[in-house]
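Student: I would like to go through the helix packing and the empty spaces of this model. Please show it first.

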Amino acid sequence: MNKNLELGILELKSGPNKAFLYFAIVVFIIFTAICGLIYFGAIIPINEGKSTFSGDISILYLAMAGIMILGTVILLLSIVLTKGEIFYLYEKGIVTTNKGNKKITLYADIQDVYLFTSGKQIFGPNNIAYRTDERNNWQVISAKYSNYRKAIQLIRNRQQQTNFLKTMQQLKEGKSVTFHYIEYSKLISKQLFALGTKSYLNVSPKKIFLYKNKLIVGHETVNLAEVQQFSTNDWTSQIKLLNKENKTLFSISFYSVFSGDSFTAALDELIKK
């Protein structure tokens, strides 16, 4: 799958990390060796009268059974946890495979890119979800996947690059472009209390309507002609639109906005004009 006639060169592959599986295999082998040592080094000599054991020999059999059951449980758990979709990231799109099923998603068709942070990480996203529209399910590359950091950056860049010209053309024609966002309080709540990936994806986004001369969020309208300065703060992850008096006209967390890279690129282009 190094090259696809429709999608171009394969740039990255990302799938469930196999480290736990390899660890479980090693543990299973060690546990099997321990059981072999108990059987051949203790049980057989005792049965042949070559060695003595003060207790009931059934204890040794139970110990062997317990060790092998534990090793088997760890191995089976690792197999379950390392199953999942495999993502092949090409120049123009993404191919996902799972249980014999194959799905192709072009970067140009991706509407929402949702970045979120899970686990012990505090700053910066370590998960990415994308979808073509609100009716379709999210596709997720989590922190448990191999090459997840590279995958996150690649999808962000490709989606922003392929959608920028299309976005600007729609705005030029007087049409609006819709972006989705979730409230910052809910974003923080997810980071603190979400129990798994499904919890992060269980969101009810609101809409931002971007026009070539204004921005509409709920009942609030920001005229872009009044914007003197546009900033994105890497430390606080805040997108701010300021007027000539340095008053904040609009502010939102970058990670609250789906496809935040596309949103900021469009804003930057409109405000520069």
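Student: Which element gives the most to the lining of the largest pocket?

Tutor: This is a predicted model. In it, H5 contributes the most to that lining, with four residues. Helix H5 spans 197–201. Helix H1 (19–47) and strand S8 (139–141) also give two or more residues each.

Student: What makes up the largest pocket, and how much space lies in it?

Tutor: About 790 Å³ of space lies there. The lining has 28 residues, and Leu81, Ser142, Lys144, Tyr145 and Thr197 are the closest to the centre of the pocket. By class, the lining divides into twelve nonpolar, eleven polar and five charged residues.

Student: Why are H1 and H2 called roughly antiparallel to each other?

Tutor: Take the angle. The axes of H1 and helix H2 (residues 58–81) cross at roughly 165 degrees. Angles over 145 degrees count as roughly antiparallel. H1 and H2 therefore earn that name. Their axes come within 9 Å.

Student: Is the crossing of H1 and H2 left-handed or right-handed?

Tutor: H1 passes H2 in a left-handed crossing. The contact of H1 with H2 has 25 nonpolar and five polar residues, and no charged ones.

Student: Why are H3 and H6 called oblique to each other?

Tutor: Helix H3 (residues 148–172) and helix H6 (residues 260–272) pack at an angle of about 45 degrees. Roughly parallel needs an angle under 35 degrees, and roughly perpendicular needs 65 to 115. The value of about 45 degrees fits neither class, so H3 and H6 are oblique to each other. Their axes are 9 Å apart.

Student: Which way does H3 pass H6, and which residues make the contact?

Tutor: The crossing is right-handed. H3 brings Arg156, Gln159, Gln160, Asn163, Phe164, Thr167, Met168 and Leu171. H6 brings Asp261, Ser262, Ala265, Ala266, Glu269 and Leu270. By class, the contact has six nonpolar, five polar and three charged residues.

Student: What makes a space a cavity instead of a pocket?

Tutor: In a cavity, a 1.4 Å probe fits but cannot get out, whereas a pocket is open. A search of the whole structure finds one cavity of 30 Å³ or more. The largest cavity has a volume of about 40 Å³.

Student: Which residues line the largest cavity?

Tutor: The lining consists of Lys103, Thr105, Tyr130, Arg131, Thr132, Asn136, Asn137 and Gln139. Strand S5 (101–106) and strand S7 (127–131) are the elements that give two or more residues to it.

Student: How many residues of that lining are nonpolar, polar and charged?

Tutor: The lining of the largest cavity has one nonpolar, five polar and two charged residues.

Methods
Residues are numbered from 1 along each chain as its sequence is written. This is a predicted model: local features need pLDDT of at least 70, side-chain atom pairs count only at pLDDT 80 or more; totals for chains, interfaces and linings use all residues. Side-chain values use heavy atoms; hydrogens and water are left out. On a 1 Å grid over the protein atoms alone, a cavity is a set of points where a 1.4 Å probe fits but cannot get out, and a pocket is an open set with protein on both sides within 12 Å along at least five of seven lines; lining residues have an atom within 4 Å of a point. Grid points are joined across faces, edges and corners, and a volume is the space filled by probe spheres set on the points. Ala, Val, Leu, Ile, Met, Phe, Trp, Tyr, Cys and Pro count as nonpolar, Asp, Glu, Lys and Arg as charged, and the others, Gly among them, as polar. Axes are lines fitted to C-alpha atoms, for helices over the stretch in contact, and angles run from 0 to 180 degrees between N-to-C directions. A crossing is left-handed if the near helix is turned anticlockwise from the far one by less than a right angle, and right-handed if clockwise. Contact means heavy atoms within 4.5 Å.
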